[in-house]
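Trainee: I am new to this structure. Please show me how to read its features.

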Amino acid sequence: MNSGSHEKRAPAGPLHGVLALFLLPALAAALLWVAYCSSVRGSESSVQRLSPPSYSVQRFLTEQKAEALDELIAVKKIYRLEENATVAPAPDPEGYGTAANYEEFLPVLERAAGLLEGEELMLNGETPLLPSFGIRYYYDDSILVCIWQERIEYATCTFAEVRLGHASQLIRKLGGDSYGSPIQKYPSQLAREANAVLALNGDFYRFQNTGIHVYQGTVYTWDGSKVDTCFVDSEGDFHFVKAGELTEKEAVEQYVADNDILFSLSFGPVMVEDGENVVPPYYWMGQSRDYYARSCIAQEGPLHYLMMTVYMATTVRDAADWMIARGCTRVYAVDGGQSATIVLDGVQVNPSQFNAERTLSDIIAFGSAIARN
Amino acid sequence: MSYTAVIWNNVEISWSGVIVALSVLAAILLALTLRSARGEPLLPIIALSLLAILFSVPLCRLLHWYSNPAQYASFAAAMTDYGQGGYAPLGAFFGTLLAALLLRLCRVIRDLPAALDCCAPAAALGLGLGRLSCLFTSSNRSKFALEGEHFQRLPFMVRSAQGGGEEEWRIATFFWEAAAALGICLLLLLLFRRLSRRERFEPEWRRGNVFFLFLALYGALFILLDSTRYDANYFRFNGFVSIAQIFCAAALLGVLVICSVRSVRARGLRLWHFLSWLAFLLCLGGAGYMEYYVQRHGNRFLFSYAVMGICLAAAVLLCCVMLASTGGRRRRPAH
């Protein structure tokens, strides 16, 4: 015999009507809830993004007024974010592009002449680009980003060069937007949350409690005895402090106050200083003498930065030599291995270990400062 | 698929969300149609759908939180903020099952196996259409790249810019999952009517067989397809086989056990029962070994997945044989 009792449809009564009147709208509401929950938020490449609610309408109107006065008043506009902002306005989707070679990229440089103010980029006509990657870029009046790849010895190196209009566009983005939050996300997710044009992995501060941690001007940890620290001030300038130089809370707080430090990176080592390879023979963090994928950031002028990730393994010392060969004078190492990530328009662009991102606690993001609709 | 479809106040719904909702709606409508074709009441299915959605979303989130706790501030944050974070689709299966059991306990559904028979093709349809919502996301690429220009195109494969700075084409996992699910839906629909007719004329034939067939087919396919993903969800104590693979293997085993019990009751214990069970265990073991093998020798993925596919197909075949034998002996007409 069949299990259970056979159900046959009984004639519809008033109770069925009442139940249907309740169940059907409830089902419709449930379907809307499913649609909301399963919506993919943030962007893949070339996807429309909303400006975050925290970016005020007032700022947008101010900038629109400035645009309107552009023809009348000959004063260079400076776009900026609030100090310690964790979210930038959504970039202009039209600002992204790809050039097959440096010649195709030249028109972008010409348009960016006002932003560059005569400064030369590290990327030039002699750069041995990997043709398959080309030059991927973003430009608007507040930021210029260009990314390319080179084959150096056995490794594929991805370079990202940035010129900002204002230091506030250099964003220290933490998971959960608060120091100590347990939230870890993929760098591309964090970059999308920040509306970053470009992002680099940070020092993964949550993974290790060593070093000096400063965030939004507040000192959270101060034991700088083991690792080098890269402080970033309100002008976007790097200050390198070697291991052992600052180990007391009061000293760190004084240093932060004296130099108007906004945040710190605590991984290291300092790779290049004054154009010299200063990687120490032994370093406490990151297995610097072993062969791993590497990630580093350099500052080559006011608001001018160069980042590099190395796919396939190399030592920190070798990576420093490669940066010096490209003209870098001040370079700091951040977390390598699978953490080494460069994100453009919310998508990872560098090859990485296991061909996949790993979740991290923080990134360094570069955003536009121009609000749009 | 991340384009915004609807904005209302601060609520943003993307096209992927719309597609998922439409796939759920399509599944519900199919279940209602099948139910109506059998002349059975529709309200229980509507109630089941509503309850299944209410249970499934938190369960999908719970599973995702369990595998990826670092993506959430806390358990409470994970279970209360559904606008952020991810979902593990396996939770939808448990949500639906839980809803069905609850309604059976409350006697809203009188014949649970019959209800599940109607839900099985619908679930396959919903899974197939729902997977299409993620067709153009970065998750839609497997761990493996294939050469050969014939397949290097959407939707079969996805171009990826990883790996040595060059572009490569990877298997588009979600496309194949969608295709597999829709194929299973079609097969179940073709069999649905035939199996329903058989149960009408053979008293020994049991309801629920369509549901078991769905479990066996989808479970076997999902074991293989989930192995190709690089972002599968794992138990915290084991990073070797994913949560979905373990549950699918358990479902496959469960189908065999239930069908074996029914078969033995219908036909008595036979030698071929033992041989079938042994063969099934060998097949499942073979599939498990190939999972281990492909993780050690990733470049031999074609060989590994071919063997795994054969093992799983054989396991499904054994389940089908066992299921077919649950109807008892066919009586020959008297001369």
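**Helices, a patch and cysteines**

Mentor: Start with α7(B): 18 of its 19 residues are buried, so the rest of the structure largely encloses this helix. Buried means under 20% relative accessible area, exposed over 50%, partly exposed in between (1.4 Å probe, protein chains only). Helices are DSSP runs (H or I, at least four residues), numbered from the N terminus. This is a predicted model: local features need pLDDT of at least 70, side-chain atom pairs count only at pLDDT 80 or more, and totals for chains, interfaces and linings use all residues. Residues are numbered from 1 along each chain as its sequence is written, chains are lettered from A and ligands numbered from 1 in written order, and side-chain values use heavy atoms, without hydrogens and water.

Trainee: What span should helix α7 of chain B have?

Mentor: Take 1.5 Å times one less than the number of residues. For residues 209-227 of chain B that gives 27 Å, and the end C-alpha atoms are 27 Å apart, which agrees.

Trainee: Which helix gives the most to the nonpolar patch?

Mentor: Helix α8 of chain B (residues 243-267), with 3 residues. Val261(B) lies in that helix. Val261(B) counts as partly exposed because its relative accessibility is 39%.

Trainee: How many disulfides does the structure hold?

Mentor: A disulfide is a pair of cysteine sulfur atoms within 2.5 Å. The structure holds 0 over all chains. For Cys37(A), the nearest cysteine sulfur is that of Cys60(B), 9.7 Å away.

Trainee: Why is Cys118(B) not bonded to Cys119(B)?

Mentor: Their sulfurs are 6.7 Å apart, too far for a bond. Cys118(B) is buried, at 0% relative accessible area.

Notes
Helix = DSSP H or I, 4+ residues; strand = E, 2+ residues; numbered from the N terminus.
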